[in-house]
Every structure is written in C-alpha cells, then in structure tokens.
Amino acid sequence: MARSTFNIPNMFCPACVMHLEGLEDELDGILSIKASYQKQRMDVEFDEKRISEQSIRAAVAGLGYQIS
Amino acid sequence: MDNIILVAFITGLTAGGLSCFAVQGGLLTGSIAQQVESTSQSSGKTASSSKKKKNNGRRIQPANPKRPAGMIQPILLFTTAKLVAYTILGFFLGLLGSLFSFSSSLKGAIQLAIGIFLVGNALRMLNVHPIFRYFSFEPPSQLTRYIRRVSKRAESWATPLFLGALTLLIPCGVTQSMMAVAVGTGNPLTGAVIMFAFILGTSPTFIGVSWLVTSLGGMFQKYFYRFVALTVLVLGLYAINGGLVLVDSPVSSAKILRAFNSDPPVSVTATTVAPSPAAPASSVSAELAPGSPLTASDTPPSDVNRVVAPPPPTAAVIAQINVENSGYLPDNLALPANLPIELHLITNHTRSCSRAFVIPELGVQELLPATGEKVIQIPAQKAGKTIDFMCSMGMYTGVFQFK
C-alpha cells in the first residue's frame, strides 16, 4: 500500500471534494481518498501494484483539476 | 418578514440554484441516469459516466437528454423530498434560534455572527484570500462516500426520494447562508417558511441549470458564480447592519445617514393631555415650527417630529408612531424630558417585520397586531438622552430624543 499527497490548487468549492473523492469508486486500486477544500489537498491511499501515481494524476487532471 | 421570505425565494431562484447544483446536482443526475438506464434495460455506460462535463475544475453532470419522460419522476421526487426536508430543517433552525432570543442584544450578536459568516462565504466564493475557505463546512468523508454510493444504486422511486432528503447533509454555501438566516429569525415557523421559499426558488433553477450549463458553458458559470457571491455579500452586509443596530452600536447605516441628514428637524410643540391609555390622538394640539401651523385635527400623526411641551406634573405625554410596512413614521421623535411617555404604536394592515417592535435599552419587545394599536409606557428620561427603537431584525429604525 502506498500513500501520496497531491496539491490541487484550483479546488474552488466544497463540491470539488466530493468530485475528487468520487475517484475512489472509479479507479481500480484506490483504497481511500481524503480531499480537503480548505487545504487544497488530496491524500490518497492506493495499491501501487494495481495503479500508479501517474494514473491517479491523469485521472485528477481528467476531471479538470490542476495537480502538483 | 414578508421581505425576508421574498429575498429567500429570489436568492434561491437566482444564486442558490447553481450553487446547489454544483454540490448536489451529481446526486440527481446520477440517480436519474441509473433510473433511465434500468427502465430502458440498456447496457453500457450510464448517462452520469458518459456525460460528465469538465469545466474549470467543476464537473457538471447533465441529465440524459434522450429520455425526458423518464427523467420527470425522479426529478420531481428528488426536489419534493429536498423541499420537505429543508422545510422541516428550517423549523428546527428557527426553533434553535428562538432558544437564544433572550434579548435584542443577544439577537443582534447572533445576527452579527450570521452576517460575518455570510460575508466570509461571499469572499470565499470570490477567492479573495485562502483564509475565507474556513467559512465553509465540509461534511465528513464517510458521509459523502455513503451518499455517493447510494446515488449509484439503480433502485426504485425511493432512491431519488432518499437522495433528495440526504441533500440536507451536503448543503451548498448559499444554502448554509440561508440556514444561518433561518436561525436568526428565532421563530420556527418563519424559519420553515424561509427554507421552503429558498428551496422552492432553487428548484426550477436546479432542474433547468443543466441545460443552461451545457448550452452556455463555462462563461455562464463564471459570471453566475460571481453573481452568487455578490448576492451573499449583500445579504451579509445587511445582516451585519441589522446586528449593529440591535447591539446599539454607534456605527450603523441608519445612524450614519441620520448624522448626514441635513434636513432641519421639524419641531412640534404640544399641549398636555390627560393620562389616559385610550386618549385619542386628537387630544394633542400640535403646532409646526418653522412652517405653517397645524392644528391637531389636520396634522397627520405620522409625518412630524414631535416635541411635547412640559405639561403639568399630573399629565402624561402621548406620542404616536405609525408602524408601516416600510418603517416607522415618524422615526425621529423629540420628547420632553423628565416625564413618562405613553407611546401609541398604530398598525394598519402592516405585514413587514416592522411589527416586531423593539427598544433594546428599555427591554421592550412587542409583536404588534397587523391592524390595531399597542400602548407602551416609556419611563421619564433625562434631557439629552437618546433612545433607539427598531424592528427585531434591525432593518427599520428610529430614535427618541429627550429634550
């Protein structure tokens, strides 16, 4: 299991939290996502054997968010 | 009160709709997509996963446009459940507010806090500074996860009904602001009516906004969101002003305007009257100075600042205020010092919050009848003293000056 923290600087309202956390159900290998609008951050626990950090970044970018 | 309900409805109709949709729209469209899919027995991707729209980090999920007939039932169930749930919530918020309405000063403090919350939320929406992000509450992840998963179940009509009620747990920023206003009313029924009016207002926008967002795109969202923020900002400043009035702050819009008001005060002298609660207004003989003299019979009681000359020690002084929908007339009364005042408040089909008459300094809080007369005894005051009066929300104000 791996953990990564991503900065999402263009989360503009609490609804973004729900959208980003929704990736839990859409990406195979994600164990949990905790996003925070206040901190503009997303903490992800994932199984690195099933999904790469790059894939997570791509999925976040696919929702229209910047990621760093 | 009617004004607030109208403001709540218009806020819902304009600002609330998109804001609510941004937070809760996914639930509705996800549920509709599942329903349409299960009804049509189609396979493949659901509407919610195939129709996602990306926009400045916002993902709006339009409903399946191919099956409008199938969408009507879940939309109606969802919005009806939401309407009922928030009306009940408004009742309890008003009830909560009533528990704290011990004095007008405390009410003013609550209103100030609400105003600061609203302004903070508006500045958050305008992205003025990261600190304002803390003016918005985030529901726990476990809760949003549960709601998200329920929304994806293809079940019966009960799903949109349940999801509509669950929106209680994920209120958008504007809804949170309106909930704060409901608390501020301090009245369960008013709280319920305000939330009902607000959610009723959001409903057509909530339903129609997916079409607008898909048709007009990001430009629409960008400007609409700013409009939402500015509306909340105005509501917040309004609440702060009301709060300042209620806590008897030296700074409020009414006091500032009064300070800059260069109109010469209308001085009225009157003879004494007998100390009877039922004394008719005509028992006061009044004379305007400067200006044309008026007799009591042709002096409208509502349009003058009244100075009642010192009567004999046994007499009381009668002052009269007409309580109108738009405020108090007169709203600046000069009264004689060192004499008790009998204040007659006259209402005539008055519906606004001006009926909730408050004199914080004297601990007076009276809900006046829609039409009728209420007499309030004001104890003798020293010369030079000023006492403010107002409606319970600080919207309409006036002042007694003792001379």
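**Exercise 1. Describe how strand β5 of chain B pairs with β8(B), and place both strands in their sheet.**

Strand β5 (residues 317-324) of chain B runs beside β8(B) in the parallel sense, and the two are joined over seven bridges. The model used here is a predicted one, so every value in these exercises is computed from a prediction. As a first step, take a single pair of residues from the two strands: Val317(B) has Ile341(B) in β8(B) as its bridge partner. As a second step, widen the view to the sheet, which is open, has four strands in the order β6-β5-β8-β11 (chain B), and shows mixed pairing. The third step concerns the ends of that order: β6 and β11 (372-378) of chain B each have a single partner strand, so one side of each is left without a neighbour in the sheet. From one strand to the next, the twist of this sheet averages 30°.

**Exercise 2. Work out the order of the five-stranded open sheet of chain B, and state which strands stand at its edges.**

Begin with the order, which reads β7-β13-β12-β9-β10 (chain B) in an open sheet of five strands with mixed pairing. The edge positions belong to β7 (332-335) and β10 (364-367) of chain B, and because each has a single partner strand, one side of each lacks a neighbour in the sheet. Neighbouring strands here are turned against each other by 15° on average, direction ignored.

Next, examine two of the pairings. β7(B) and β13(B) pair in the parallel sense over four bridges, and within this pairing Asn332(B) has Val399(B) in β13(B) as its bridge partner. Strand β12 (residues 386-391) of chain B, by contrast, meets strand β13 (residues 397-402) of chain B in the antiparallel sense over five bridges, with Phe389(B) bridged to Gly398(B) in β13(B). Finally, add the helix that lies across this region: α9 (residues 253-260) of chain B lies across β12 and β13 of chain B and runs at about 55° to β13(B).

**Exercise 3. Decide whether the faces of the edge strand β7(B) are covered or open, and then follow the chain through the loops on either side of this strand.**

The reasoning starts from a general point: in a regular strand the side chains alternate between the two faces of the sheet. In β7(B), Asn332(B) and Ala334(B) lie on one side while Leu333(B) and Leu335(B) lie on the other, and all of them are buried, so that both faces are covered.

Before the strand comes the loop between β6 (327-329) and β7 of chain B, where Pro330(B) has its place. The peptide bond from Leu329(B) to Pro330(B) is cis, with omega near -5°. After the strand, Asn338(B) is found in the loop between β7 and β8 (341-347) of chain B. Phi of Asn338(B) is near 65°, a positive value in a residue other than glycine, and Asn338(B) is exposed, with a relative accessible area of 56%.

**Exercise 4. Characterise the packing of helices α4 and α7 of chain B, and compare the accessibility of Asn121(B) with that of Asn127(B).**

Two packed helices are described by the angle between their axes and the distance between the axes. Helix α4 (residues 104-125) of chain B and helix α7 (residues 173-185) of chain B pack at an angle of about 170°, with their axes 10 Å apart. Since an angle over 145 degrees counts as roughly antiparallel, α4(B) is roughly antiparallel to α7(B). By class, their contact has seven nonpolar, six polar and two charged residues. On the α4(B) side the residues include Phe117(B), Leu118(B) and Asn121(B), and on the α7(B) side they include Gln176(B), Ser177(B) and Ala180(B).

Now turn to Asn121(B), which is found in helix α4 of chain B and counts as buried at 0% relative accessibility. Leaving aside residues up to four places away in sequence, its contacts include Phe135(B), Ser136(B) and Val232(B), as well as Gly173(B). Asn127(B), on the other hand, sits in the loop between α4 and α5 (141-151) of chain B and counts as exposed at 56% relative accessibility. Asn127(B) also has a positive phi of about 55° although it is not a glycine.

How values were computed:
Residues numbered from 1 in each chain as written. Chains lettered and ligands numbered in written order. Predicted model: local features only at pLDDT ≥ 70, side-chain atom pairs only at ≥ 80, totals over all residues. Heavy atoms only, no water. Axes fitted to C-alpha atoms, helices over the stretch in contact; angles between N-to-C directions. Parallel < 35°, antiparallel > 145°, perpendicular 65-115°, else oblique. Contact = heavy atoms within 4.5 Å. Nonpolar A, V, L, I, M, F, W, Y, C, P; charged D, E, K, R; others polar. Pairing = 2+ DSSP bridges. Buried < 20%, exposed > 50% of the residue type's maximum accessible area, 1.4 Å probe, protein only.
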